[in-house]
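Take a look at how two chains meet, and then at one helix beside that meeting place. Start with the charged side chains.

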Amino acid sequence: MSRLRIANARLLDPASGRDESGFVDVVDGLITSVGREDAAVPDEVLEANGLWLAPGLVDLHTHLREPGQEYKEDIETGTKAAAAGGYTLVCCMANTDPVNDSPAVTEYIQRRAREFGNVRVRVIAAATQGLRGEIMSEMASLANAGAVAFSDDGSVIMDAAVMRRVLEYARGIGRPVIAHCEDLNLRGSGVVHEGSHATCCGLPSSPGEAETVMVARDLELARLTGAHLHVAHVSAARSVELIREAKAAGVRVTAEVTPHHLLLTDEEIRCYDTNKKMAPPLRSARDREALRAGLADGTLDCIATDHAPHAHYEKDVEFTAAPFGVVGLETALAVGLELVREELISPLALVDRMSTRPARAFSMSGGTLEPGAPADLVLIDPERAFKVEVAALESRSKNSAFLGRELRGRALRTWVGGRLAFALDEEWMR
Amino acid sequence: MRHLLGIEHMTRDEIERVLETSEAMLEISQREIKRVPTLRGRTVINVFLESSTRTRVSFEIAAKRLSADAINVTRAGSSLSKAETLADMARNLAAMSADVLVVRDSVAGVPHMLAERVRVPVVNAGDGCHEHPTQALLDAFTLRQSLGSLEGRVVAIVGDISHSRVARSDIYCFTKLGAEVRVAAPPTMMPAGIEALGVKPCFSMQEALPGADVVVMLRIQQERLAGALFPSVREYAGTFGLNARTLALAKPDAIVLHPGPINRGVEIASDIADAEPSRILDQVTNGVAVRMAVLYLLTGGGA
Amino acid sequence: MSNPGQPVQPARAVDRESERELAQGRVVLDAAGIQRATTRIAHEILEREADVSDLVIVAIVRGGEPVAKLVSAQLEQLSKQTIPLGALDITLYRDDVVARGVRPMPRPTRMPFSVDGKRVVLVDDVMFTGRTIRAAMDAVLDFGRPASIQVATLVDRGHRELPIKVDFVGKNIPTARAERVVLRKRADGELEVVIV
């Protein structure tokens, strides 16, 4: 029973409100003690030298692409990327091939994750069969098989009556429904945010209202049904306002925002770089400000990457033909730290948004440095600079919105259940 | 000037240079033997992935008048229909030692994409709703024939601005040459943030045309009407069509341009298209001269 | 823009010479000399063939233009007839590879007459390597089928690179290859030829 001590770290534990220097002891995959003094003598000491130690990051929105699209990413490479980004748990979406609308696919993913996964993998199953938005999926069986939430992300449930029943039924099962809010008719052929940049580029565009009208609809349905609605990748200022109002009125809603929406705006599309193309699109500076304010005041509960790998040759085409999406597991923390540097949120609040709240939102373990909890930990150097380059990314696909950029702040070590899942600058072992 | 991808990033000097060169090129088109040996041995490849006869023929004639070899690649007969990507096709074309690629596509940004990947000059012959630089240059050339300079002149551009690459290129070109530009369209066809291009958006002919020295009419695509941007051809012609009554709103000696092909009776009345103020046929003639100038300037070896 | 000033290109009559060059240069032909030379050229043209009914003068743009004007004025005075005068820009016919990639600006050509069956006299200011005249011949032949082409030049400075001969020369001036010979207009409007 070997005791590992991570000493002299800045401990960040939102669950207890702790932000102070100290140590964490890990024995048998569990956190045994946290604090400043302990008589027990450790077998191994990792000198943290003031670096931050936080509960491992939790991502509520990842596309691992397995089964069916392993050429883009698979559970093994995706979870390696996750660990490199400081994540100890990722929730994978259902738009695989075949779609994850059956217990068989859910069990397959979980089995593959147990065998090849580098971090914990939780399954989000489809809300409707085949993601067709017509007939709800077998949610009870899927929940029994292990699904933590339901979502048609990758598609949209356009029919309000279907969405209502999905929410109602999911409430009965006790699982949240994650909504990709986008009115496909309003979006039309739009691939970027409607505004002067789209006009100058001559690209078909859609307004923030394409998202907001669906956020409004789904909030009303959540109020009607009492279900837990989780709004995916919020991108528009008005959406943040609506969610804020709904929360104040007692609606059971949580929401997430991506790192790229927190950092970038629609100005990025001027050079026709398909690594800036995603759904929802990058929006205006005003929208970005509202998203940041929403993250700071908690209206937006967490940062979720919407990690969406695509092969290079799929993205290296005309802008309108390229698939939507960018990878994000390995750069999310640096973006979050940028917000800390800009004094938008405190380090403790950042850990809260990237670990504690996401875990809690889906009733999952994690997000805490409490003794007795699994040792899912991340050691962060907030100042460590790195260049986002193809060669340096663990993900099989390299479609990052930050390619070529220098970012600052990254995970140096990531532990999942006490096992070292990632170590920068040295060979990491299972 | 290594490529001609758009007017947006051209300097006024570069525009003037093209227009000045076009003068000499126009004279060649008026000779009996309409040919000079300047681009002898050079290969111009017209990569027209969006169908077009007029612009393609114009570029072909321009190339041949300079004694270049002109090859046409269209989507139907090309390897793209066999799922080769655009980037790969471009590399293959460059590997065949083309001297110039003239590119048209229905998607914005394709010429930029090719320019990043090949080592030869690329001319944008129209990319989606983005830009159509040679059209703007020949429009400016045509206007200067009648007006001399564009400094201080008022130009009204009327039509489906949101989907018009000609509108965007014209706006950039005319404003860089000192003109005041207004755009007129029903709200459903006015793009968001168009003021960022330095123009005044108007929502009627009555608002846009008074005081105009030039009226540019854009083609209305019937397909868009079906797309519910506007209820009917009849209503569009009645409110935004150019006829004797609406033309009278502009200055008495105002001239009329149209990038073609014209929809008689829709955006432009049949008699107006043939009347004295119309420079539509001059535009076509000047188009060859301007395209000759562009091919000549871009094949200089780059500077 | 335009002429980088290589030896292979024709020197040209310019109003906008650089300040440095204006200060330098020795005059080899002054205004009076130019007048005498062009008069003599006109006489020689008439001596070769007195019948001027099918004679046309074609100036090479831009250097040959002032010379052609003088020659044609003389010819008209001597023959008491109007002689068609055209201006031919040969920029698009040049055979030299462009130096730094900047294309020289082509000027308009004005040939408002047919050359078929005509006796064409090409007029330039300075004959050097002969490449300009070769390009001019290509251009003239694109306009039609002249009966003959002859060449008149104000100054012949030698160093021919092609088998081009001058039929009527104003003055032979031996030069070093690196030197430049320029026909220019002074501030007082008078023409002069200098070596720079």
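Glu20(B) and Arg107(C) form a salt bridge, with their closest N and O atoms 3.3 Å apart. A salt bridge here is a side-chain nitrogen of Lys or Arg within 4 Å of a carboxyl oxygen of Asp or Glu. The rule finds 1 salt bridge across the interface of chain C and chain B.

This is a predicted model: local features need pLDDT of at least 70, side-chain atom pairs count only at pLDDT 80 or more, and totals for chains, interfaces and linings use all residues. Residues are numbered from 1 along each chain as its sequence is written, chains are lettered from A in the order in which they are written, and side-chain values use heavy atoms, without hydrogens and water.

Now the whole interface. In chain C, 17 residues are in contact (heavy atoms within 4.5 Å) with 22 residues of chain B. The two chains bury about 1,700 Å² between them. That is the accessible area (1.4 Å probe) lost on being put together, summed over both. Carbon and sulfur atoms carry 57% of it. On the chain C side, Leu92(C), Arg103(C) and Met105(C) lose the most area to chain B, together 42% of what that side buries.

Next, helix H4 of chain C, residues 131-143. Its buried residues (under 20% relative accessible area, 1.4 Å probe, protein chains only) include Ile133(C), Ala136(C), Val140(C) and Phe143(C). The buried residues of H4(C) cover an arc of only 155 degrees, taken from the directions from the helix axis to the C-beta atoms, so they lie on the same side of H4(C). They pack against helix H1 (12-28) of chain B and, in chain C, strands S2, S3, S4 and S5.

Conventions:
Helices (H or I, at least four residues) and strands (E, at least two) are DSSP runs, numbered from the N terminus. The expected span of a helix is 1.5 Å times one less than its number of residues. Buried means under 20% relative accessible area, exposed over 50%, partly exposed in between (1.4 Å probe, protein chains only).
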